[in-house]
Amino acid sequence: MQETGWCFVIGMGKTWIWVVVGVVIGLVVSLGLVYAVMPYYYYYYNYYYGNYPSTSPIGPGVGNYYVGYAYSTYSISKVIKEIMEVPSYAHVYPGNNTIVFTSKDVNLLVVAMMGDDAEKMFNATSPPYVHGDVFVIYGLINPTLVIPAGAVVHVTFINLDDDMYHNFVVTRVPPPYPYYVMHYIGMSGGMGPQMMLYMEWLPPANYNAGYAYGYEYAFTITEPGTYWYLCTYPGHAEEGMYGEIIIMGNSVSTTAPAPTYPVTQYPGSYYGPSWMGGMMGWW
């Protein structure tokens with residue numbers, strides 16, 4: 001009887017050991033799942049609500065960064081008025097569709113809209129590679145932006161299109177662009193800030209109510225070279241919704257006549273909607 005009691009005690013001791021071991025294993029597995037899932041949860045939560053990390057690299061130069069954006073609505077009539085109010089440090093050259101910025105602190109008001117509407121509204125000409133929607137910056141359509149290296153660029157991007165979604169993304173990958181440009185840029189290793197690549201597509205403007213959707217963020221590029229801005233909505237960059245950014249390491253000249261910079265707009269080869277359709281068919 002006594003021996004049976006000891007066996008029972010020993011058996012219970014082993015049971016508790018296995019219970020403890022099981023609990024420990026469960027905690028380890030749970031923590032592992034949490035650490036595995038949290039980055040994705042954090043990304044999608046912040047993507048949905050527009051809360052992005054404060055800094056991310058945009059190029060190889062040390063100190064390149066962008067600051068997370070704030071999402072809001074804007075008065076359409078006020079935006080159309082302000083898009084033609086050129087800052088004193090922004091020198092607009094319609095002849096070669098270029099805007100030269102001479103300040104280290106740049107305010108960049110960008111709107112998206114249909115190309116035909118932009119040409120009529122601003123009496124401007126679209127670049128020959130454009131076949132659809134466009135960006136308008138201080139009265140020019142998809143202009144080349146010449147910016148000093150290290151300048152802090154405060155972007156205000158507003159979607160004035162009445163029936164299409166748009167965003168404004170900076171990248172190192174040049175055109176021509178395929179239909180699914182977001183994945184193309186990512187696979188080409190030149191996406192710039194990762195969260196900027198996945199920046200939210202803004203819904204069309206509400207002209208009946210008189211307001212449009214927009215967001216604001218800031219970026220700086222310390223490494224001189226050629227960069228690009230574009231819309232990542234499928235098909236938009238492919239149809240010419242992009243422009244060039246030239247980061248100048250030396251002083252930027254604004255003397256007349258209009259300065260000549262190594263502007264390299266591409267004609268754009270047609271890839272077609274099925275270029276990545278097999279791989280990205282979920283679009």
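Trainee: Is strand 4 (residues 105-114) mostly covered or mostly open, and how many of its ten residues are buried?

Mentor: Keep in mind that this is a predicted model. A residue is called buried when its relative accessible area is under 20%. In strand 4, which spans residues 105-114, the strand is mostly covered, and the number of its ten residues that are buried is seven.

Trainee: Which residue stands opposite leucine 108 in strand 8?

Mentor: Happy to trace that one. Strand 4 runs parallel to strand 8 (residues 152-159), and eight bridges join them. In strand 8, the residue opposite leucine 108 is valine 155.

Trainee: And which residue of strand 5 stands opposite methionine 113?

Mentor: Here the direction is antiparallel, with five bridges joining strand 4 to strand 5 (residues 133-137). Within strand 5, methionine 113 faces valine 134.

Trainee: Let's turn to the open sheet of six strands: which strands stand at its edges?

Mentor: Good one to reason through. The strand order is 2-3-7-12-11-9, and the pairing is mixed. Each edge strand has a single partner, so one side of it is left without a neighbour in the sheet; these are strand 2 (90-93) and strand 9 (169-171).

Trainee: By how much are neighbouring strands of this sheet turned against each other on average?

Mentor: The value is an average over neighbouring strands of the sheet with the order 2-3-7-12-11-9. With direction ignored, it comes to 25°.

Trainee: What is the bridge partner of threonine 98 in strand 7?

Mentor: Strand 3 (residues 98-101) pairs with strand 7 (residues 144-148) in the parallel sense, over three bridges. For threonine 98, the bridge partner in strand 7 is threonine 144.

How values were computed. Residues numbered from 1 in each chain as written. Predicted model: local features only at pLDDT ≥ 70, side-chain atom pairs only at ≥ 80, totals over all residues. Heavy atoms only, no water. Pairing = 2+ DSSP bridges. Helix = DSSP H or I, 4+ residues; strand = E, 2+ residues; numbered from the N terminus. Axes fitted to C-alpha atoms, helices over the stretch in contact; angles between N-to-C directions. Buried < 20%, exposed > 50% of the residue type's maximum accessible area, 1.4 Å probe, protein only.
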